[in-house]
Amino acid sequence: MSSFVRVPKKLIEVALPLTAINEEAARRKRKAPAGYPTTLHKWWAQRPVAAARAIIFAQLVNDPSWKWELEHPGEIPPNHLKASWAKSRKRLFSILKDVILWENTQDRSVFERAQIEIQKSWRETCNLNREHPLASTLFDPERLPGLHDPFSGAGSIPMEAQRLGLDVYASDLNPIAVLITKAAIEIPGNFSALPPVCADAGVGSDRLFAVENWIGASGIAEDVRRYGARIGEIAKSKMGELFPSVHVDAQLATERPDLQPLVGKSLPVVAWIWSRTVRSPNPAFRHAQVPLASTFVLSNKPGKEAFIVPEVAGDEISFHIRRGKPPVDAARGTKLPGKGAGFKCLLSGSPISGEHIKSEGQAGRLGVVLTAIVAEGPRGRVFLPPNDTHVQVANTAAPQWEPNLEVSGSTQYLGTKVYGLTKFSQLFTKRQMLVLNTLTESVLSEQLIIQNDAIRAGMADDGISLAQGGSGARAYAEAVTLYLTLALGRALHYGSAICTWLPKDSAIARTFTKQAIQMSWDFVEGNIFEKSSSGWAKCCDVVAKAIEFLPSGGSTSVVMRNAGVVENIDQHSFISTDPPYYDNVPYADLSDFFYVWLRPALKNIYPELFATLTTPKAEELVAFAHRHGSKDNAEKFFLEGMTRAMELLVARAHPGAPVSIYYAFKQSETKDTGTKSTGWETFLEAVMRAGLAITGTWPVQTEGDNRSRGLDSNALASSIVLVCRPRPREAMTISRRAFMRELNQVLPEALDEMTRGSGDDRSPVAPVDLSQAIIGPGMAVFSKYAAVLEADGSPMKVQSALRLINRFLAEDDFDADTQFCLHWFEQHGWKEGRFGDADTLARAKGTAVESVKHAGVVYSAGGVVRLLKWAEYDPGWDPRTDVRLPIWEALHQLIRVFRTDGEGGAGAVLATIASKAEGVSQLAYRLYTLCERSGWAEDARAYNELITSWSAIEAAASKVVGPKQASLFEAA
């Protein structure tokens with residue numbers, strides 16, 4: 001009896017409808033609909049529903065070609081079989097395209113079709129292996145294995161596996177991640193189809209309460225609304241006076257005629273806008289505090305524009321509100337022009353440097369001043385000037401408890417620390433902390449009431465806790481408390497002194513607009529008792545809506561564990577996971593923001609998760625130099641830890657399906673030798689060391705336009721989904737020459753498959769994603785061998801293999817920056833494109849958008865990227881001192897000089913860059929051909945003129961000698 005496992009090729013190893021997946025993922029990333037999983041609680045880099053569902057389905061469903069592949073390995077199938085497989089794939093893609101749509105989430109029939117296909121493929125796999133000695137354990141056709149995600153984060157992957165009918169196992173080292181995942185996949189099943197227990201049905205909801213069937217977790221969701229409303233009323237009774245309304249008097253109306261209809265009325269306040277202040281750096285005004293306002297614009301909605309006007313009288317500054325289109329300089333407040341230029345003192349006009357602000361902050365001398373009040377009027381938001389009463393009320397807040405724990409981590413991600421805001425308590429106003437304290441106390445006091453209500457509703461009074469897996473009255477009360485605490489987390493997210501005002505939306509921005517806690521100079525304090533994104537009622541309703549869409553079937557297990565410990569990887573499970581991205585997101589440091597506030601409410605419900613004062617950090621698998629002493633030590637820690645985790649996946653994953661691993665990182669280090677992608681290469685190195693062979697890679701859009709890091713930064717745009725299987729123990733070793741020969745055999749056919757598509761059979765890979773997609777078949781060749789040996793006998797590095805694969809697609813030997821520019825030009829010409837697409841392409845080419853920008857050939861800002869035309873290049877350019885000179889820049893500088901100084905000037909340039917002459921000529925030919933085929937006549941003419949004058953330019957270059965050459969550029 002053979003112990004060899006026969007595994008059918010899976011759909012994910014052959015084809016995916018990428019266009020449909022990416023369009024749905026991008027649509028939901030741009031604006032999360034009500035009930036979307038990301039609205040349950042903030043987490044960083046959560047996978048979109050479409051991507052997770054598609055990958056799991058395609059990972060478990062057999063490709064129609066599987067029988068031929070097993071019986072005729074390496075043979076070319078006849079055309080009639082290819083046509084039959086295409087028809088079958090079209091049917092599978094139809095199922096997959098329905099499954100990924102968010103609007104189908106609660107349509108059971110859609111998921112039943114997908115589950116039938118998964119079960120069918122599983123039975124086929126079991127039949128192939130019925131003679132296997134472990135068939136009864138591994139290949140029971142009546143028992144589909146579960147899916148385990150050992151880096152589960154907020155649980156997106158296991159949640160979607162649960163919808164697809166699998167038992168799920170999730171684990172993560174971070175307690176906030178584990179808490180969210182428990183709330184998403186573990187708890188709903190314990191209380192499925194139960195009606196709400198709160199008898200006060202008229203509070204907190206506009207439902208029709210004659211509901212006959214409470215589907216899934218909708219009953220517990222309704223209780224979150226009802227008890228949340230009661231908690232809001234209790235909190236308001238305790239501290240409502242701290243949130244006064246604003247009175248519109250006649251004097252104010254004389255200054256603002258638009259307020260005349262509101263004279264005598266009191267309007268509820270939605271938010272207070274504050275600006276941080278420092279002492280003036282001018283000695284004459286050192287006694288005065290001056291505002292650091294990043295903008296004075298309150299609203300730029302057409303027809304509703306409003307802005308702040310500061311007025312100076314002696315050493316006093318007052319703030320007034322004006323309606324109408326703001327003047328240009330209002331957009332930058334008191335900031336000076338230029339990046340990092342600091343601020344201007346309104347009293348003296350003196351510049352306020354960043355160093356002055358830091359020293360004032362570290363000395364504890366940052367202050368605040370109220371600059372505007374946002375009220376709710378009969379016809380929308382009304383902007384009013386500050387008044388002393390509201391300032392005095394805010395100053396009376398005195399919280400009994402403050403989270404005086406240190407903000408840990410690098411200032412790269414925790415920018416408030418350099419300004420003296422080093423404790424979590426300093427990230428909130430006193431009033432905000434009092435609100436959070438009061439809500440926490442009210443939630444906890446409500447827990448016993450909920451338990452008694454649950455007993456009266458007929459739940460078992462068994463005393464078994466939620467952590468023990470209970471489903472009685474105590475566990476139910478703890479579950480509602482947990483969800484209310486997640487609503488508290490949302491209130492935190494919209495209720496810190498980091499939140500800013502969004503003039504385009506007239507709304508409050510969240511704390512985490514990036515994957516960082518960044519300093520905000522103007523911040524907004526929302527009214528927790530009003531109807532806004534920061535309001536308590538809204539927070540409860542958003543969480544409740546998310547609960548209604550959570551799955552509630554199958555067996556689930558969610559634990560806080562380290563993925564590098566063998567006992568923590570479930571044996572014989574399918575694996576789909578999304579590991580940390582090298583040093584891109586400091587999950588533990590950032591999640592402390594929530595942890596320090598949620599711990600008081602939940603430490604008695606989940607003592608294991610909240611046993612420490614802050615989140616565990618030493619074992620977190622990220623490469624941060626500040627934790628490990630140096631970059632080299634951090635990289636070693638990451639490589640060893642990730643290798644160990646991947647080895648465990650190899651050893652314990654079920655052999656019946658490949659492993660799918662998301663990875664979406666680009667960390668660039670620019671050195672004299674070029675730019676290397678440390679995170680991506682280190683991760684691939686770990687995969688290779690662990691004994692995994694890559695059978696495919698798919699570029700899946702996972703971050704969208706509103707991703708958490710800055711749009712014009714080295715941020716995540718696409719995840720590269722690696723499809724892996726264990727490398728055979730008998731894998732051979734081959735030479736570099738043999739590897740290149742096999743690449744040249746495999747990659748042309750793979751490229752053709754990716755680019756042509758075939759009608760409705762499959763979507764072609766988008767051009768911007770092609771460079772990443774081609775890595776799949778290339779690395780499949782590389783990773784199937786025990787080693788690829790260089791000429792000196794040393795094993796080839798992953799970086800070298802990636803370079804060879806990328807060279808095939810580039811069809812030339814251009815540098816990485818030029819390859820990026822060339823392929824970007826093919827898709828966009830000189831037009832703007834999305835930064836996310838540029839980042840994906842740059843990552844594939846072994847460079848970064850910021851690095852190409854540093855070379856001076858692209859414009860990158862505000863989430864868009866475009867190539868600079870030769871006329872925009874620096875006229876003071878000196879090739880002798882240009883330390884980063886890609887072929888692309890050399891060519892277009894040459895065109896610029898040729899057009900202004902003719903063949904002689906171009907010859908002088910060419911003489912200086914003689915080593916790049918061949919590459920410049922090749923690129924000019926290629927771009928001329930491209931522009932001619934595309935109908936870009938003007939551009940084609942520019943390259944043609946250079947090409948036709950090339951001999952004359954070379955002749956001019958040959959006449960340039962050293963001293964003349966130097967004097968030419970010195971004169972320039």
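This is a short tour of ring pairs, a small sheet, the nonpolar cores and two unusual backbone spots. Bear in mind as you click around that the model is predicted.

**Stop 1: a ring pair across the sequence**

Start by selecting phenylalanine 191 and tyrosine 476. Their rings form an edge-to-face aromatic pair, with 5.2 Å from centre to centre and 80° between the planes. Now colour by secondary structure. Phenylalanine 191 lies in the loop between helix H8 (175-190) and helix H9 (218-239), while tyrosine 476 belongs to helix H14 (residues 473-493), so this pair ties together parts that are 285 residues apart in sequence. Turn on a surface and you'll find both phenylalanine 191 and tyrosine 476 buried. This is one of 32 aromatic pairs found in a search of the whole structure.

**Stop 2: an aromatic cluster**

Next, select phenylalanine 593 and phenylalanine 594. The ring centres are 5.1 Å apart and the planes stand at 90°, so this pair is edge-to-face. How accessible is phenylalanine 593? Its relative accessibility is 0%, so phenylalanine 593 counts as buried. Phenylalanine 594 is also listed at 0% relative accessibility, and therefore counts as buried.

Then widen the selection to Trp43, Trp44, Trp401, Phe428, Phe512, Tyr587 and Trp597: together with Phe593 and Phe594 they make up one aromatic cluster.

**Stop 3: charges over rings**

Show arginine 431 with phenylalanine 243. The charged end of arginine 431 sits over the ring of phenylalanine 243, 5.5 Å from the ring centre. For another case, jump to lysine 869 and tryptophan 870: here the lysine's charged end sits over the tryptophan ring, 5.1 Å from its centre.

**Stop 4: a three-stranded sheet**

Switch to cartoon view and go to residues 297-299, which are strand E7. In what order do the strands of this open sheet run? The order is E7-E8-E9, and the pairing is antiparallel. Strand E7 and strand E9 (316-323) are the edge strands, each pairing on one side only. Looking across the sheet, you should see a twist that averages 30° from one strand to the next.

Zoom in where E7 meets strand E8 (residues 306-313): these two pair in the antiparallel sense over two bridges. For a landmark, pick serine 299, which stands opposite alanine 306 in E8.

**Stop 5: the nonpolar cores**

Back to side chains. The largest nonpolar core has 244 residues, and those touching the most other members are Leu482, Tyr483, Ile547, Leu722, Phe739 and Met779. Which element gives this core its largest share? That would be H14, with 14 residues.

Now centre on phenylalanine 739. Beyond its neighbours within four places in sequence, phenylalanine 739 has contacts that include Ile734, Gly778, Val781, Phe782 and Leu804. Before moving on, select Val852, Cys931, Ala940 and Ala942, which are among the members of a second, separate core of 49 residues.

**Stop 6: two positive phi angles**

Most residues other than glycine have a negative phi. With that in mind, pick alanine 45, whose phi is positive, at about 60°. You'll find alanine 45 in the loop between helix H1 (18-30) and helix H2 (49-60). At 9% relative accessibility, alanine 45 counts as buried.

Last pick: serine 506, another non-glycine with a positive phi, about 50°. Serine 506 sits in the loop between strand E14 (501-502) and strand E15 (507-508). Is serine 506 buried or exposed? Relative accessibility here is 7%, so serine 506 counts as buried.

How values were computed. Residues numbered from 1 in each chain as written. Predicted model: local features only at pLDDT ≥ 70, side-chain atom pairs only at ≥ 80, totals over all residues. Heavy atoms only, no water. Phe/Tyr/Trp six-rings, centres within 6.5 Å; stacked < 30°, edge-to-face > 60°. Helix = DSSP H or I, 4+ residues; strand = E, 2+ residues; numbered from the N terminus. Buried < 20%, exposed > 50% of the residue type's maximum accessible area, 1.4 Å probe, protein only. Lys NZ or Arg CZ within 6 Å of the ring centre and 35° of its normal. Pairing = 2+ DSSP bridges. Axes fitted to C-alpha atoms, helices over the stretch in contact; angles between N-to-C directions. Core = buried A, V, L, I, M, F, W, Y, C linked by side-chain atoms within 4.5 Å. Contact = heavy atoms within 4.5 Å.
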